[in-house]
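Please open the structure in your viewer and keep the selection tool at hand. The tour below proceeds one selection at a time.

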Amino acid sequence: MTAPPITGCTDPGLAEILGPHLNQVLGACRRHSGRTTRVEVCSGGNVSHVYRVHGEADNVIVKIRGPRFARIPHISTDPALIMVEHRALAIHHGLLPDLFPKVLALLPDAHAMVMTDVFPDGRTWREHLDQRAATIEECRRLGTALTRIHHATAGLPPLRDGDGDDLFRTEHAYGYCLRACRHPALDEACRRLDDLPGRQLILGDVCPKNLSLHADRTAFVDLDNVHMGAPLFDLGYLLAHLVLHHVTRPTHLLPLVTVFLDSYTLPGSARPWRDDSLLATVAAGVLLYRLEACTVPYPSTAPPASADQLRRSLRHLLDAGPFTIPDLLDAARPMTA
């Protein structure tokens, strides 16, 4: 969400996005940042337009939801849904202020929020992983932080009215993600997720582009996918991205995954992760989604030949039947050899 400025004309300017609400939003920024010195586009998010506003006193983030997805313009959306993300941020920051940005101003007419900037170096974890491997300490912090989040949000009511969260889970977590690659084993995984006890608020989009791990602080952003679901989905989603970003780094994968999963304590379950076939299947499905699905873009993390070999290995695992996390890592290991 908070990459360096995009050059060229790939994104509309802040004034074009906000129209008559520009001065109102910049005024809200000035109350926290001081006089504006620079505005830059932030890349990574697919749904909303995101900008970093630099001021004489501080930086703030402006997030604006339009009638279409910012990076997927053929998908229409309701700008008023910014209110749902605002609700999610208020809940999560209220419970865990060290892990989530604070909303400084909500501007419903502009479908915009002004938030604290939780990226001290202006870079997402994804950008760091594009240059280096994750560290053991980062993976330990992620597992611990995800545990804290899931324990803190257990028992909270849905974000959306009626069956809104159930519909969101079906369309986004399952439709856009696990079912996107049209494999029966992933359809079954969706059914098994729904049968798990302890459904609660989960983040729904825990991946490196939505994380900051700079300067010993862990921060999560982009909460527009928060919904009622199984915590195991978040765990498998982040696990898949940890594997994805290390398919060309053979010596790192096993120790990083081990520390991450050992640091996470799944609410309401004591089953060991090494034998958890559902967790392995969810992670494989998310990996396949990133490698095959075209609807939601995610820049490549590996050379085409390696990515294609991993895709075939994942398909083979899903075809062959139940498998575990060690099986998944074995399938990924040849990609890094």
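The stops that follow concern strands, aromatic rings and charged side chains.

This is a predicted model, in which local features need pLDDT of at least 70, side-chain atom pairs count only at pLDDT 80 or more, and totals for chains, interfaces and linings use all residues. Residues are numbered from 1 along each chain as its sequence is written, and side-chain values use heavy atoms, with hydrogens and water left out.

First, select strand 5, residues 112-116. Strands (E, at least two residues) and helices (H or I, at least four) are DSSP runs numbered from the N terminus. Four of the five residues of strand 5 are buried, so the strand is largely enclosed by the rest of the structure; buried means under 20% relative accessible area (1.4 Å probe, protein chains only).

Next, add strand 3 (residues 59-64), which pairs with strand 5 in the antiparallel sense over five bridges. Two strands pair if DSSP finds at least two bridges between them. Here K63 stands opposite M113.

Then add strand 4 (residues 103-107), antiparallel to strand 5 over four bridges. M113 is the bridge partner of L106. Strands 4 and 5 form a hairpin with four residues between them, and H111 in the turn has a positive phi of about 50°.

Now select R126 and Y298: the charged end of R126 sits over the ring of Y298, 4.8 Å from its centre. Such a charge has NZ of Lys or CZ of Arg within 6 Å of the ring centre and within 35 degrees of the ring normal. Similarly, select R160, which lies over the face of F168 at 4.1 Å from the ring centre.

Finally, select F233 and Y237, both of which are buried. The two residues are four apart in helix 8 (residues 231-244), and therefore separated by about one helical turn.

Key. Buried < 20%, exposed > 50% of the residue type's maximum accessible area, 1.4 Å probe, protein only.
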